[in-house]
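Hi everyone, thanks for making the time. I'd like to walk you through one structure today, a few places at a time. Let me put it up on the screen.

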Amino acid sequence: MALVPTPSPIAGPVVAEVDMGSDSNTVRATVVQASTVFYDTPATLEKAEKFIADAAAYGSQLVVFPEAFIGGYPRGSTFGVMIGNRSDRGREDFQKYHASAIDVPGPKVDRLAAMAGKYKVYLVMGVIERAGYTLYCIVLFFDYQGRYLGKHRKLMPTALERVIWGFGDGSTIPVYDTPIGKIGALICWENRMPLLRTALYGKGIEIYCAPTADSRDVWQASMTHIALEGGCFVLSANQFCRRKDYPPPPDYLFGVDDDLAPDAVVCAGGSVIISPSGAILAGPNYDGEALLSADLDLGEIVKAKFDFDVVGHYSRPEILSLSVKDHPLNPVTFSSETNKAVL
């Protein structure tokens with residue numbers, strides 16, 4: 001599949017040029033709105049690098065990609081699942097999807113780390129992780145020196161996602177304290193889970209990344225609410241996909257009867273960057289593949305927290321509190337040190 005040309009490095013409101021060296025309190029960030037090259041992970045990695053290079057050329061220090069960008073979001077696929085039954089075709093579809101996922105750690109993670117180091121950016125990447133025979137929807141984090149920092153596994157897959165993706169646990173809800181701010185991420189409808197958001201607020205998140213597959217107008221309301229609630233910058237990245245970005249029938253079907261035209265939009269994007277005051281800095285974009293960039297003045301966080309600090313002066317811990325079980329939950333443990341395994 002041919003790669004789609006990258007559009008102009010800015011979509012949405014134009015941001016002012018700044019000297020990044022003169023104001024360490026300002027971070028230039030970019031969210032990528034683009035489609036996976038479905039069932040072709042090497043081509044998707046090449047596409048990702050082109051977007052990272054374009055963002056870096058614009059001066060971005062942080063680049064955020066959509067949910068499941070590497071490995072693909074299998075929009076419209078049923079995997080042959082019905083209550084009490086699964087089809088042979090659905091199993092074959094899962095086998096192909098499993099082959100498109102990546103091992104973490106692994107050579108594809110090393111490739112992404114090298115990209116972050118080459119272009120000197122912090123990178124937040126939506127990925128489908130292959131852990132043995134189970135798949136997880138995750139976010140990977142990398143620093144500008146090309147180091148892999150860690151991952152967040154989606155705790156609660158939505159609807160039919162639960163058939164194809166495993167469930168994360170409390171051991172992978174990190175917030176990384178970096179020179180450009182404290183960075184973390186939740187994926188798609190996880191962002192509608194108040195207690196999970198509160199866990200990130202409790203870790204002091206400042207740049208809240210929200211890779212998603214939700215392009216509806218109501219998603220914008222959630223993103224604005226989170227920015228105001230958390231007193232943080234919110235960066236939401238979604239794919240923009242047309243039917244032709246997926247393999248044609250019968251190799252890939254949107255539902256049982258797939259009669260969509262090749263140019264039919266199947267995910268309309270809506271990527272956006274929002275300030276702690278709720279101001280839209282870039283987007284939402286529904287026009288096609290794009291890079292959306294904005295300059296984040298971290299001083300705005302202080303101003304927002306003066307009004308409302310959800311885990312600070314506006315909390316009432318003597319009445320309301322949250323306990324997070326942040327240890328790994330392993331299905332099999334062994335008492336012998338020599339035979340210990342983590343699955």
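Let's start with a pair of strands. Strand β8, residues 175–178, pairs with β9 in the antiparallel sense, over four bridges. If you want one bridge to look for, take V175, whose partner in β9 is G184. The two strands make a hairpin, with two residues between β8 and β9. Please keep in mind that this is a predicted model.

Let's follow the chain on from there. β9 covers residues 181–185, and the loop between β9 and α5, which is 194–202, holds C188. The backbone of C188 deserves a look: its phi is near 50°, a positive value in a residue other than glycine. For context, most residues other than glycine have a negative phi. C188 is buried too, with a relative accessible area of 5%.

A159 also has a positive phi, about 50°, although A159 is not a glycine. You'll find A159 in the loop between β7 (148–153) and α4 (161–164). Is A159 buried or exposed? At 52% relative accessibility, A159 counts as exposed, because the cut-off for exposed is over 50%.

While we're on the backbone, let's turn to peptide bonds. Most of them are trans. Here, though, V104 and P105 are joined by a cis bond, with omega about -5°. P105 sits in the loop between α2 (88–100) and α3 (107–119). There is also a cis peptide bond between P249 and P250, where omega is about 5°. P250, again, is a loop residue, between β12 (240–242) and β13 (265–268).

Now, cysteines. How many disulfides does the model have? The count comes to zero. Take C137, which is in no disulfide: the nearest cysteine sulfur is that of C188, 8.1 Å away. C137 is buried, at a relative accessible area of 1%.

What about C232, and why does its sulfur form no bond? The closest cysteine sulfur is in C209, and at 9.8 Å it is too far for a bond, because a disulfide needs the two sulfur atoms within 2.5 Å. C232 is buried as well, at 0% relative accessibility.

Let's stay with C232 and look at its surroundings. C232 is placed in the loop between α6 and β11. Leaving aside neighbours within four places in sequence, its contacts are I205, E206, Y208, I226, A227, I274, S275 and P276. For a sense of scale, C232 and R91 are 141 residues apart in sequence, and 42 Å apart in space, C-alpha to C-alpha.

The elements on either side of C232 come up again when we look at α7. Which residues of helix α7, residues 299–307, are buried? They are G299, I301, A304 and K305. As a reminder, an α-helix has 3.6 residues a turn, so residues three or four places apart point the same way. The buried residues of α7 pack against α6 (217–230), β11 (233–236) and β16 (290–297).

Just past that, in the segment after α7, is D309. D309 counts as buried, at 18% relative accessible area, because the cut-off is under 20%. Beyond its neighbours within four places in sequence, D309 is in contact with Y314 and S315.

Last, a word on annotation. UniProt, in an unreviewed entry, lists E67 for "active site". In the model, E67 is in the loop between β2 (62–64) and β3 (81–82). Buried or exposed, would you say, for E67? At 1% relative accessibility, E67 counts as buried.

The unreviewed UniProt entry also lists residues 27–298 for "domain: CN hydrolase". How far apart are the end C-alpha atoms of residues 27–298? They lie 8 Å apart. That span is 26% helix and 29% strand.

If you open the model afterwards, here are some places to visit. Try the hairpin of β8 and β9, the cis bond between P249 and P250, and the surroundings of C232, including Y208 and P276. Thanks for listening, and I'm happy to take questions.

Note on methods
Residues numbered from 1 in each chain as written. Predicted model: local features only at pLDDT ≥ 70, side-chain atom pairs only at ≥ 80, totals over all residues. Heavy atoms only, no water. Buried < 20%, exposed > 50% of the residue type's maximum accessible area, 1.4 Å probe, protein only. Contact = heavy atoms within 4.5 Å. Pairing = 2+ DSSP bridges. UniProt positions renumbered as here; feature names shortened; annotations may be inferred.
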